[in-house]
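Me: I'm new to this structure and would like to learn how its features get their labels. Could you take me through some of them?

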Amino acid sequence: MQRRLSTQATSVGVNGDFFAVADGRPSGILLRDGVLASPPSPSRSSAGITLDGLLDVRRVSFRGTWRGSGQRRAINFLNKAPGTNGVSLFTSDWGPSTPRVAGAFAAVLGSVPPATPNTDLSVPVTSTTPGSSVRIEPGTAVLVARGTAAAKLQAEAQPGTVVTVRLILQPDWSVVSDAIGGGPVLVRDGAPVYRSNEGFTTSQLAPRGPRTAVGQRADGGIILLTTDGRQPGFSVGMTNFELAQALVRFGAVRGMALDSGGSSTLAFEGAVLNSPSDGKERAVSTALMLQYYGVYAPPPLEAVVSPNGDGVAESQKLSYKIVRPSSLTATLTAPDRTIAWQESGERQPGIYDVVFPPVPPPPPEGQPVPPPTEPTPPAEGRWTFTVSATDDQGLSSTTSRRFAVNSTLAALRVAPALVVVRKAGGNAEFRWSQARAARVKVTVETPEGIVVRTVSNGQLQPGQQTVAWDGLAGNRKPVAGGRYVARISATNELGVVSLTQPLTVRRAKG
């Protein structure tokens with residue numbers, strides 16, 4: 001979904017409502033830009049976004065009416081097959097044609113306005129047909145009735161008759177522009193909700209597993225929360241109440257759960273950020289996404305650039321993205337706060353790369369081009385990359401990213417790369433080159449970043465450095481066999497820089 005929208009906005013989002021696997025129909029409300037595509041489930045909470053940005057979580061019910069040449073009559077369903085003696089309204093959100101319903105009668109409504117709730121929609125009947133699937137042309141809708149309701153529809157909605165349709169949400173949600181189903185309510189007035197008394201079973205709420213939620217802080221900030229689960233040794237997940245408590249810890253004053261299990265996914269700019277329990281992203285029916293239309297700069301490729309020739313973090317990648325024609329200025333500010341590079345101009349929607357280290361501008365027209373020289377290493381310290389833009393609608397935005405240039409550490413080597421550890425321990429040396437004085441911390445970690453042993457931590461002067469590791473963990477017992485990471489972290493006036501090297505431990509007897 002985000003990849004399809006990437007040229008229109010920068011998006012972050014989570015999976016949405018529960019849905020029927022067979023046809024993708026959401027279990028609750030789907031309201032987009034004030035147009036109702038799916039009605040709410042009255043036994044479960046819905047989450048609406050008001051015109052002023054408030055997250056409104058509550059139970060909402062639906063009923064509809066239609067009136068032709070007779071009295072006002074009930075619409076039982078929206079975009080769902082009617083029951084016995086029932087009536088359904090199908091809009092183009094359903095699909096290209098109505099479902100085939102035995103014994104049904106259909107009335108096609110032409111030139112239908114958007115399906116805005118709590119508004120009378122008066123449209124003429126263009127055609128009627130008994131018993132078969134009917135095509136839903138763009139801008140039309142179809143009333144489908146069964147049983148006794150079919151006879152009334154046939155009698156009171158003949159071609160040429162003006163039919164008035166009203167889709168009613170209770171309570172009135174006229175201030176809500178977008179809404180999605182899910183449930184149950186998780187946070188109310190800043191407190192986690194333990195028992196919501198909504199239409200969910202204990203088996204849906206009590207076990208730990210992957211879960212997704214949306215919340216809002218008192219300052220209006222939106223929280224999108226996803227927890228992994230069903231992955232022993234990595235994540236067991238959360239119960240529904242633990243999810244509510246987590247939302248509160250993040251500052252939510254109101255919140256609601258969304259679909260859970262294998263659907264639970266958090267993504268940004270088309271990249272999945274969590275570890276879905278299916279082992280891959282599951283196709284879902286709906287999603288809840290926040291979209292940003294201003295200029296956006298992705299995080300730099302390297303948080304710390306270390307151009308010292310050791311092949312680690314030698315170069316940087318910077319870019320920015322705009323989704324509307326814009327007038328902008330992009331700037332690279334050096335550690336001494338001077339402008340090292342700047343360009344301004346009109347840009348069309350797209351992604352633009354920025355070269356680092358900055359390339360000197362060409363000489364003015366008519367001036368001689370200087371002979372090529374060796375590139376000057378960028379100044380060490382904190383750099384700032386900023387882009388300010390004003391789009392064709394007059395909306396201004398700014399994005400800023402910071403990164404460091406720090407060549408304090410270079411050329412980390414682990415010898416041997418395969419460390420044999422016995423009962424008394426083992427022997428390995430970590431060697432590196434250090435260009436500046438710094439406080440250096442040497443650790444052995446798991447591939448997931450868990451520190452197994454802090455080998456040394458102290459101030460070191462410039463020069464060639466060597467630290468020995470005896471193969472023991474922090475509890476002074478031999479580490480288990482497997483893969484590990486040696487990490488050297490240096491902190492000085494330039495900031496923090498790290499180097500890592502993998503190593504393998506093999507346990508041996510003796």
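Reply: Gladly! Keep in mind that this is a predicted model. A good place to begin is the lining of the largest cavity, which by class has six nonpolar, four polar and no charged residues.

Me: Which residues make up that lining?

Reply: They are T98, P99, V101, A104, F105, A106, T129, G131, S132 and V144. Strand β10, residues 104-109, gives the largest share, three residues. The space inside the largest cavity is about 50 Å³, and a search of the whole structure turns up one cavity of 30 Å³ or more.

Me: What makes G131 count among the polar residues of that lining?

Reply: Gly is placed in the polar class here, so G131, a lining residue, falls in the polar group.

Me: What makes a space a pocket and not a cavity?

Reply: A pocket is an open set of points, while in a cavity the probe fits but cannot get out. The largest pocket here has a volume of about 1200 Å³. Its lining has 45 residues, and L30, L31, R32, A179 and T286 lie nearest its centre. Strand β22 gives the most to this lining, with five residues. By class, the lining of the largest pocket has 26 nonpolar, twelve polar and seven charged residues.

Me: Why is G181 called buried?

Reply: Buried means under 20% relative accessible area, and G181 has 1%, so the label fits. G181 sits in strand β14. Leaving out residues up to four places away in sequence, G181 touches D17, G28, I29, S45, M256 and L258.

Me: N79 and D189: which is buried and which is exposed?

Reply: N79 is at 4% relative accessibility, so it counts as buried. D189 is at 74%, and exposed means over 50%, so D189 counts as exposed. N79 is in the loop between β8 and β9, and D189 is in the loop between β15 and β16.

Me: What makes the phi of these two residues worth a look?

Reply: Most residues other than glycine have a negative phi. Phi of N79 is near 55°, a positive value in a residue other than glycine, and phi of D189 is also near 55° and positive.

Me: How do you know that the buried residues of helix α2 line one face?

Reply: The buried residues in α2, which spans residues 147-156, are A149, A150, L153 and E156. Looking down the axis of α2, these fall within an arc of 150°, so they line one face of the helix. An α-helix has 3.6 residues a turn, so residues three or four places apart point the same way. The buried residues of α2 pack against β6, β7, β9, β10 and β12.

Me: What makes a set of residues a nonpolar core?

Reply: The members are buried residues of listed nonpolar kinds, joined through side-chain atoms within 4.5 Å. The largest such core has 31 residues, and W66, L89, L143 and V165 have the most contacts inside it. Strand β13 supplies the largest share of this core, four residues. A second, separate core of 28 residues includes L412, V444, V452 and A473.

Me: Which peptide bonds are called cis, and what is their omega?

Reply: One joins G183 and P184, with omega about 0°. Another runs from A415 to P416, with omega near -5°. P184 lies in the loop between β14 and β15, and P416 in the loop between β30 and β31. Most peptide bonds are trans.

Key
Residues numbered from 1 in each chain as written. Predicted model: local features only at pLDDT ≥ 70, side-chain atom pairs only at ≥ 80, totals over all residues. Heavy atoms only, no water. 1 Å grid on protein atoms, 1.4 Å probe; cavity = no way out; pocket = protein on both sides within 12 Å on 5 of 7 lines; lining within 4 Å. Points joined across faces, edges and corners; volume = space filled by probe spheres on them. Helix = DSSP H or I, 4+ residues; strand = E, 2+ residues; numbered from the N terminus. Buried < 20%, exposed > 50% of the residue type's maximum accessible area, 1.4 Å probe, protein only. Arc of directions from axis to C-beta. Contact = heavy atoms within 4.5 Å.
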